[in-house]
Amino acid sequence: MAKLVFIRHGQSEWNLSNQFTGWVDVDLSEEGVRQAQNAGALLKKEGIEFDQAYTSVLTRAIKTLHYALEGAGQLWIPEMKTWRLNERHYGALQGLNKKETAEKYGDEQVHIWRRSYDTLPPLLDASDEGSAAQDRRYADLDPRAIPGGENLKVTLERVIPFWEDEIAPKLLDGKNVIIAAHGNSLRALTKYIENISDADIMDVEMATGEPVVYDLDAKLNVVSKKKLN
């Protein structure tokens with residue numbers, strides 16, 4: 001039986017300032033660092049020995065992984081970074097204050113942008129300042145793969161191929177895996193492995209810095225799930 005651990009990154013500076021973040025590369029807040037370090041202590045107490053780590057190419061997730069693994073005494077394990085585990089791209093909403101955006105467009109519209117499974121946010125053009133197309137960490141990607149905005153459905157569609165090609169084979173081989181990523185990329189994986197409906201996934205929350213531990217059987221069915229806090 002393999003163990004799989006999800007950790008949403010600790011509080012970021014833009015979580016603290018209530019801004020839409022998405023693919024913008026912001027750092028952890030001081031509280032976020034504490035949350036990530038606490039996650040490491042919880043994992044050490046749990047006694048899980050990891051074989052492989054995965055994270056996104058965004059600083060807040062990478063640092064969360066490193067703090068957690070350091071706290072667990074396993075900073076040395078193999079690690080892979082991929083854009084496919086990035087947060088959902090919030091398009092032209094990125095950088096905007098959530099409260100001010102709700103005041104401008106209405107609470108209902110912002111709720112739809114944030115929570116609808118298949119409604120896209122206002123899109124960001126590839127030529128716009130701040131587009132990921134201008135970021136060299138994505139220079140090797142087909143420009144058509146770089147989003148101008150995503151909903152959870154699109155996020156799931158880019159996460160699952162990485163799950164199937166890279167993560168699932170490790171788990172099927174009996175390896176213990178830790179993934180430090182983002183609220184929506186982890187919600188997409190949660191939806192997939194728990195077979196959660198499109199409607200019900202909207203009510204699933206991922207707390208910052210809280211490890212979620214799964215036991216998976218030989219067919220990667222969920223045997224048990226618990227949150228460490």
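**View 1. Strand β2 of this predicted model, with Ala53 opposite Glu79 in β3**. Ala53 faces Glu79, a residue of β3. Strand β3 covers residues 79–81 and runs parallel to β2, and 3 bridges join the two strands. β2 also pairs with strand β4, residues 177–181. That pairing is parallel too, over 4 bridges. Here Tyr54 of β2 stands opposite Ile179 in β4.

**View 2. The two faces of strand β2**. The strand holds residues 52–55. Gln52 and Tyr54 point one way. Ala53 and Thr55 point the other way. Are these four side chains buried or exposed? Gln52, Ala53, Tyr54 and Thr55 are all buried. Tyr54 is the residue placed opposite Ile179 of β4, and Ala53 is the one opposite Glu79 of β3.

**View 3. Asn151 in the loop between α5 and α6**. Helix α5 spans residues 107–115, and helix α6 spans 152–172. Asn151 sits in the loop that lies between them. Its relative accessible area is 3%, so Asn151 is buried, the limit being under 20%. The Asn151 side chain makes two polar contacts with backbone atoms. One goes to the backbone oxygen of Asp118, at 3.0 Å. The other goes to the backbone nitrogen of Lys153, at 3.1 Å. Which residues touch Asn151, once neighbours within four places in sequence are set aside? They are Arg88, Ser116, Tyr117, Asp118, Thr119 and Leu120.

**View 4. Asp118 and its partners Asn151 and Lys153**. Asp118 also belongs to the loop between α5 and α6. Leaving out residues up to four places away in sequence, Asp118 touches Asn151 and Lys153. How far apart are the C-alpha atoms of Asp118 and Lys153? They are separated by 5.5 Å, although the two residues lie 35 residues apart along the chain. The backbone oxygen of Asp118 is the atom reached by the side chain of Asn151.

**View 5. The largest pocket**. This pocket holds about 330 Å³ of space. Its lining counts 19 residues. Closest to the pocket centre are Arg8, Glu87, Tyr90, Arg114 and Asn184. Two elements, α5 and α7 (183–194), give two or more residues to the lining. Which element supplies the largest share? It is α7, with 3 residues. By type, the lining divides into 3 nonpolar, 8 polar and 8 charged residues.

**View 6. Asn18, a residue with positive phi**. Most residues other than glycine have a negative phi. Asn18 is not a glycine, yet its phi is positive, near 65°. Asn18 is placed in the loop between α1 (13–16) and α2 (30–46). Its relative accessibility is 33%, so Asn18 counts as partly exposed.

**View 7. Leu220, with positive phi in a loop between strands**. Leu220 is not a glycine either, and its phi is about 65°. Where does Leu220 lie? The loop between β5 (212–216) and β6 (222–227) contains Leu220. Is Leu220 buried or exposed? At 14% relative accessibility, Leu220 counts as buried, because the limit is under 20%.

How values were computed. Residues numbered from 1 in each chain as written. Predicted model: local features only at pLDDT ≥ 70, side-chain atom pairs only at ≥ 80, totals over all residues. Heavy atoms only, no water. Buried < 20%, exposed > 50% of the residue type's maximum accessible area, 1.4 Å probe, protein only. Polar contact = N/O pair within 3.5 Å; in protein donor to acceptor, adjacent residues only side chain to side chain. Contact = heavy atoms within 4.5 Å. 1 Å grid on protein atoms, 1.4 Å probe; cavity = no way out; pocket = protein on both sides within 12 Å on 5 of 7 lines; lining within 4 Å. Points joined across faces, edges and corners; volume = space filled by probe spheres on them. Nonpolar A, V, L, I, M, F, W, Y, C, P; charged D, E, K, R; others polar. Pairing = 2+ DSSP bridges.
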